[in-house]
Amino acid sequence: MYQYSRAIYRSVKDLIDPYGDRESQIESRRAVLFACEHTMERLANDPLYFAKPDRALFQDIRRHFPITAQAEVAWAVHAGVNAATTFIEEQIEAGALDGGVARCRATTRKGKPCQRTPLPERDYCPSHQHLDRSKVAA
Ligand SMILES: [Zn+2]
């Protein structure tokens, strides 16, 4: 989920109130990044019960942006959260998320899905990580 919170942060960070002093800008950036990560974490852990996550995130961060940037921020948050929700829904459909716990995507020699936990940011566990090589190289 990390890439989604980063993407949202990247798309709004340059809109942060340009009139504050340097210190408060840094503070705002930190607060916005934290809010993005927090929202994505919550979404990943509780995808079915987190209603209107884009609205919640926008409410959390809007005070860090000037009035003139609000619409753009709202749109960026909406698009970013949407991408993350779509990803999570696909994962749930694919059965990759099982009660919030990710499973390795590999199939064992007996033809059963591998039950081990994948490596962080990967689709496969340590013993199947060779299957993920194309992704690592990219
Ligand atoms: Zn595995």
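Phe 58 counts as buried at 13% relative accessibility, where buried means under 20% relative accessible area, exposed over 50% and partly exposed in between, with a 1.4 Å probe and protein chains only. The model is predicted, so local features need pLDDT of at least 70 and side-chain atom pairs count only at pLDDT 80 or more, whereas totals for chains, interfaces and linings use all residues. Residues are numbered from 1 along each chain as its sequence is written, and side-chain values use heavy atoms, with hydrogens and water left out.

**Helix H3 and its surroundings**

Phe 58 is found in helix H3; helices (H or I, at least four residues) and strands (E, at least two) are DSSP runs, numbered from the N terminus. Leaving aside neighbours within four places in sequence, Phe 58 is in contact with Gln 70, Val 73, Ala 74 and Val 77, contact meaning heavy atoms within 4.5 Å. Of these partners, Ala 74 is placed in helix H4 and counts as partly exposed at 27% relative accessibility.

The C-alpha atoms of Phe 58 and Cys 36 are separated by 9.3 Å, although their positions lie 22 residues apart along the chain as the count of places apart. For Ala 74 and Leu 57, 17 residues apart along the chain, the C-alpha separation is 9.1 Å.

**The nonpolar cores**

A nonpolar core is a set of buried Ala, Val, Leu, Ile, Met, Phe, Trp, Tyr and Cys residues joined through side-chain atoms within 4.5 Å. The largest such core has 24 residues, and those with the most contacts inside it are Val 32, Leu 57, Ile 61, Phe 65, Val 73 and Val 77. Helices H1 (2-12), H2 (22-45), H3 (53-61) and H4 (70-93) each supply at least two residues of this core. Apart from it lies another core, of 5 residues, among them Ala 106, Cys 114, Tyr 124 and Cys 125. In soluble globular proteins, nonpolar side chains tend to be buried together.

Ile 61 touches Val 32, Ala 35, Val 73 and Val 77, not counting residues up to four places away in sequence.

**Helices H4, H2 and H1**

Helix H4 has 24 residues and reaches 34 Å from its first C-alpha to its last, close to the 34 Å expected at 1.5 Å a residue; the expected span is 1.5 Å times one less than the number of residues. The buried residues of H4 are Gln 70, Val 73, Ala 76, Val 77, Gly 80, Val 81, Ala 84, Ile 88 and Gln 91. An α-helix has 3.6 residues a turn, so residues three or four places apart point the same way.

Ser 28 lies in helix H2 and counts as buried at 13% relative accessibility. Outside its neighbours within four places in sequence, Ser 28 is in contact with Ile 16 and His 64. Ala 7, found in helix H1, counts as partly exposed at 35% relative accessibility. The C-alpha atoms of Ala 7 and Gln 70, 63 residues apart along the chain, are separated by 18 Å.

**The zinc site**

The zinc ion is coordinated by Cys 104 (SG), Cys 114 (SG), Cys 125 (SG) and His 128 (ND1), at 1.9 to 2.4 Å. Donors are N, O and S atoms within 2.8 Å of the metal (3.2 Å for Na, K and Ca); water is not among the atoms, so sites may look incomplete. Because the 4 donor atoms subtend angles of 104 to 114° around the zinc ion, the arrangement is tetrahedral, a term that requires all angles among four donors to lie between 85 and 135 degrees. Along the chain, the donors follow the spacing C-x9-C-x10-C-x2-H. Cys 104 and Cys 114, 10 residues apart, both belong to the loop between strand S2 (101-102) and helix H5 (133-137).

The relative accessible areas of the three cysteine donors are tabulated here.

| Residue | Relative accessible area | Class |
|---|---|---|
| Cys 104 | 5% | buried |
| Cys 114 | 5% | buried |
| Cys 125 | 0% | buried |

A search of the whole structure finds 0 disulfides, a disulfide being a pair of cysteine sulfur atoms within 2.5 Å.

**Loop residues with positive phi**

Lys 52 has a positive phi of about 45° although it is not a glycine. Lys 52 is found in the loop between H2 and H3 and is exposed, with a relative accessible area of 57%. Glu 121, also not a glycine, has a positive phi of about 65°. The place of Glu 121 is the loop between S2 and H5, and at 55% relative accessibility Glu 121 counts as exposed.

Methods: Four donors count as tetrahedral if all angles lie between 85 and 135 degrees; four count as square planar and six as octahedral if opposite donors are over 155 degrees apart and all others between 65 and 115; anything else is irregular.
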